[in-house]
There are 4 protein chains.
Amino acid sequence: MSYHELDTAVITMHCEDEKGIISAVTDFILTNNGNIVELDQHVDVASNRFYMRVEWETKGFGINNDKIGEYFETLIAKKYKDTHWEVSFNHQKPRMAILVSHYGHCLYDLLGRVDTGEWNVEVPLVISNHRDFEALVGKYNIPFHYFDFKKKAKEDIESEMIQLCEDHKIDLIVLARYMQILSPNFVSKFENKIINIHHSSLPAFPGANPYKNAFNRGVKFMGATAHYVTSDLDEGPIIAQDVIPISHRHSLEDLKRRGRDIEKIVLANAVYAHLSRRVLTFANKTVVFE
Amino acid sequence: MSYHELDTAVITMHCEDEKGIISAVTDFILTNNGNIVELDQHVDVASNRFYMRVEWETKGFGINNDKIGEYFETLIAKKYKDTHWEVSFNHQKPRMAILVSHYGHCLYDLLGRVDTGEWNVEVPLVISNHRDFEALVGKYNIPFHYFDFKKKAKEDIESEMIQLCEDHKIDLIVLARYMQILSPNFVSKFENKIINIHHSSLPAFPGANPYKNAFNRGVKFMGATAHYVTSDLDEGPIIAQDVIPISHRHSLEDLKRRGRDIEKIVLANAVYAHLSRRVLTFANKTVVFE
Amino acid sequence: MSYHELDTAVITMHCEDEKGIISAVTDFILTNNGNIVELDQHVDVASNRFYMRVEWETKGFGINNDKIGEYFETLIAKKYKDTHWEVSFNHQKPRMAILVSHYGHCLYDLLGRVDTGEWNVEVPLVISNHRDFEALVGKYNIPFHYFDFKKKAKEDIESEMIQLCEDHKIDLIVLARYMQILSPNFVSKFENKIINIHHSSLPAFPGANPYKNAFNRGVKFMGATAHYVTSDLDEGPIIAQDVIPISHRHSLEDLKRRGRDIEKIVLANAVYAHLSRRVLTFANKTVVFE
Amino acid sequence: MSYHELDTAVITMHCEDEKGIISAVTDFILTNNGNIVELDQHVDVASNRFYMRVEWETKGFGINNDKIGEYFETLIAKKYKDTHWEVSFNHQKPRMAILVSHYGHCLYDLLGRVDTGEWNVEVPLVISNHRDFEALVGKYNIPFHYFDFKKKAKEDIESEMIQLCEDHKIDLIVLARYMQILSPNFVSKFENKIINIHHSSLPAFPGANPYKNAFNRGVKFMGATAHYVTSDLDEGPIIAQDVIPISHRHSLEDLKRRGRDIEKIVLANAVYAHLSRRVLTFANKTVVFE
């Protein structure tokens, strides 16, 4: 889309499907002199659910930005059943925390995108249970927070991490091959706000050692999965996946080497979709508007 | 979609983009008590063009099927600029002619789909410049028309072919590896109604011998392209493509063998999209609503 | 490969890896004046196992076809540890039985390939637990054997099926969406000679209803898997897989529709690889020489 | 491959095909007590050419490293016709120069891989016709050489660049979206040692603006191509390609955004293959042993 220099608002919503929702939403925008630059909608017939993302120019729009939510709730959202909605503005930069451990390929990739301004995002902190990437993160002038799980209880560390994320008004936590399992308590604080990269094409090979298990099973495709983290490990809503063909010629080392590239691209695709408010989640599935 | 047992109408339209078109179209349907089962729209920002496909249940709809077009023209289409639209009904089976020469893989595949009822289509005739598949087509009780280009002028043969297609009210002509170039006169009679399969990923390797040329160039991917036929050879609007990785291990024979499978699937995807009225064409590009 | 008009022999072998095997095998062929037209080898470092497929022109070869096996065993195979080997000749057409139930897309595809002579194979019979495709198979003049599982015990039917396959010297049994589970007894008679198509990218979604389960899980890729049948359901060595991207836009019906095409192509790829002796199996994994 | 901690030698060779080459090469290694850890060979039947890559452990090998080439030439290479060969050792780190202009995504990706030690390589310099990435390159303590094409003649600048590359014993020059065309003189100094990334799936959309041209043509797949640079622009031997599906939903901006990821991965795959001596080039085609 080539309108990124404009000031725009985005509303994402989903609710039980019924007649006339698109009509109502677009009327709401048009009546108030909004110019729609992108509109996507989807009806999941199987679950009778309606999904929509609409983005419009706010210049000249008849409702002030800080009142749009209130008006939308009154005039639209509450008329439909089980409506979930969010309004955001492209001049508000989402704030992203990155959690990492020993493997750096996703971290390097994320930092590169942030540094070149590819994404509309700020990264106020990186958190790690190891010091491996302290120097790297320092190069990009991003504060690096190290926690030693051998010296402190996980519960206490998680409390500090939650505090840090709240202090920095974090909108999105990215687990860039972070090798610690987050507790249900932590996860519950950031529903649909934690994205993890798992190094297999879920639901194949959940848990530990997916590359080794894929190698041993002799599959002809391997992949990676980015998903929101829920308290069920590797069971959260899938945002993005990708796969590549492999053969007997590929050793376990080859799988790991090639897997790193899939991991970082899949994770980046998911983060991009989230940051641009293109991911809607319901009943453990996502609608991702490209 | 699981509503195929319903009676539905489909309107496809495209026009210059302006505010409120979706709203107007959905109002038109809702006001007349139509139940929308599928709606897709797209705005091409670069060319300021709006595309839409909407399908709704006709049971209980307030306008008779044979009047829908008239009302849509009056109430909607003529209010917008450069509007192209079509209305169709899923109980009308499109009628498809297949043209074939020496290679049978696409023909076999199409006949299989027709025979199993996978598609909403009738095939009243197959035309060929060779007798290779006369017996095969006979097995499926479809009339086979053979034309000998050595005995008659191409112009005369094409006149007969046009007459045949008109007599049989043909809606779609599929060139299933048909090895004769159709004249501009023939093509002009069936604009956006002739689908060809070209055995390369266009615009790479247009013209004759694409597999050989791909082999000689040493590319690492090969593919196939289904497109509407225009008077510019291999330049018509692309409907579907697919590709597969290849390597030095693949001989020219391997390319041809694997290419046959891509060709038939890509052609089938394009034919399916056309038959279900999911392809909109403008300015040599297609919008294909999945 | 463009040498298919030649008379060739193929030896496939695998054994514990040690120095000099390739050298020994190629010497065996060269010394006896064989012209190698294709040679592939692979060492699985993880399991220290050597795999090889070599194909050579038999014209002028110093050992008669019916003695090649004996000489190979004496001079080569028995010098290495745990050697498995097979010799075959391209003038021997493998004989293939097809088993089918209610879904015909794979059957149509296989029959088309057989009818056009795409493969070096004979199909002396089709077996089914339903009569759906009796007429179709009849069109291709292939005997159709129907078994009614409501009227006879499965055990008795399987005995008859085994007898049929033995009488017809069947080399390969293809389960073209055959919806009956074969007993361990049946399977044991045809080790690495039964190929099944499973409609998911195994190990994801084994068992019944893979499309529905994929739809419910919200995966972004779907696929199909062709594998040798073992007594562990959906756990046999994988020969071929393929996948395609899907999104929230695809209904369960769409998954089934698109899945049919992946299924038939993946199954065909596996059958082709088997028929051309390109599949070597060891420890529940395959080496597939393209 | 999991033997990377070993000291190994690699010989790559290609020559006119004839009987017994594999045998001769493996005998050469085995006789001198070498342990082969990887062997790949390929015969291009169409051009009657034999390609081979063999890697073996040098510990205990009967010929000193600095004599292997001489012995190989005498005992093997000169017995065959039109033989090209190279010997290298994994303890010799190839030295790579990176050339870049305004777009940084490939540079960031390369630097990340170098910094994490993913590749067996040293990068003694980065050259650019812009200052955009001077600070970035500095972070990784790599000398950055800026040339101002407005102030100096291209010929003079190229002379300096050649001198720099020679001074630093550069084995590989990577054009990471370098936006200057190298002169035939420059190219001739580094035959099969300059890798370029072109942002289309060649031969589709050569030259300038491939994304725009792909967008305008309405193709359903887009891609990137890494190739050796020859004096014919975009015509050199292709090393690696990749493609992704696109649709009408993707704007030109989307193509560029997604293209960046394909570009950097394809370029990295080509560089990896080159650095690990897996690319053999003959007659404008490559054999890439995975």
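Q: How do you know that chain D can be laid on chain A, and with what turn and shift along the axis?
A: In this predicted model, a turn of 180° and a shift of 0.0 Å along the axis lay chain D on chain A with an RMSD of 0.0 Å. The two copies are thus related as by a two-fold rotation axis. The same surface serves both of them, with 100% of the contact residues of chain D recurring in chain A. Copies are superposed by least squares on the C-alpha atoms of residues with pLDDT of at least 70 in both.

Q: What are the ground rules for numbering and for the predicted model?
A: Residues are numbered from 1 along each chain as its sequence is written, while chains are lettered from A and ligands numbered from 1 in the order in which they are written. The model is predicted, and local features need pLDDT of at least 70, side-chain atom pairs count only at pLDDT 80 or more, totals for chains, interfaces and linings use all residues, and side-chain values use heavy atoms, with hydrogens and water left out.

Q: How many residues of chain D and of chain A does the contact take?
A: Chain D gives 27 residues and chain A gives 27 residues. Contact means heavy atoms within 4.5 Å.

Q: What area do chain D and chain A bury between them?
A: About 2500 Å² is buried, and 45% of it lies on carbon and sulfur atoms. Buried area is the accessible area (1.4 Å probe) that two parts lose on being put together, summed over both.

Q: What makes the pair A:Asp261 and D:Arg113 a salt bridge?
A: A salt bridge is a side-chain nitrogen of Lys or Arg within 4 Å of a carboxyl oxygen of Asp or Glu. The side chains of A:Asp261 and D:Arg113 meet with N to O at 2.8 Å, so the pair fits the definition. There are 8 salt bridges between chain D and chain A.

Q: How many residue pairs are in polar contact between chain D and chain A?
A: The count is 12, with both residues at pLDDT 80 or more. A polar contact is a pair of N or O atoms within 3.5 Å; within protein, one must be able to donate a hydrogen and the other to accept it, and residues adjacent in sequence count only if both atoms are side-chain atoms.

Q: Which helices of chain D each supply at least two residues of the side that touches chain A?
A: They are helix H3 (105–115), helix H4 (134–139) and helix H8 (252–275). H8(D) gives the largest share of that side, 10 residues. By class, the side of chain D that touches chain A has 6 nonpolar, 6 polar and 15 charged residues. Helices (H or I, at least four residues) and strands (E, at least two) are DSSP runs, numbered from the N terminus. Ala, Val, Leu, Ile, Met, Phe, Trp, Tyr, Cys and Pro count as nonpolar, Asp, Glu, Lys and Arg as charged, and the others, Gly among them, as polar.

Q: Why is H3(D) said to be largely enclosed by the rest of the structure?
A: Buried means under 20% relative accessible area, exposed over 50%, and partly exposed in between (1.4 Å probe, protein chains only). In H3(D), 9 of the 11 residues are buried, so the helix is largely enclosed by the rest of the structure. Among the buried residues are D:His105, D:Tyr108 and D:Arg113. D:Gly117, whose phi is positive, near 75°, follows H3(D).

Q: Is A:Glu38 buried or exposed, and how do you know?
A: A:Glu38 has a relative accessible area of 6% and is therefore buried. The residue is in strand S2 of chain A, and a polar contact of 2.8 Å joins its side chain to that of A:Arg278.

Q: Why is D:Asp27 called partly exposed?
A: Its relative accessible area is 33%, so D:Asp27 is partly exposed. D:Asp27 lies in helix H1 (residues 21–31) of chain D.

Q: What rotation superposes chain A on chain C?
A: A rotation of 180° with 0.0 Å of shift along its axis does this, with an RMSD of 0.0 Å. A:Ala204 is the residue of chain A that comes closest to the axis, at 2.3 Å (C-alpha). Here too 100% of the contact residues of chain A recur in chain C.

Q: What area is buried between chain A and chain C?
A: The area is about 2700 Å², of which carbon and sulfur atoms give 55%. A:Arg217, A:Lys220 and A:His248 lose the most area to chain C in chain A, together 27% of what that side buries.

Q: What makes A:Asp40 and C:Arg249 a salt bridge?
A: Their closest N and O atoms are 3.6 Å apart, which is within the 4 Å cut-off. The rule finds 2 salt bridges across the interface of chain A and chain C.
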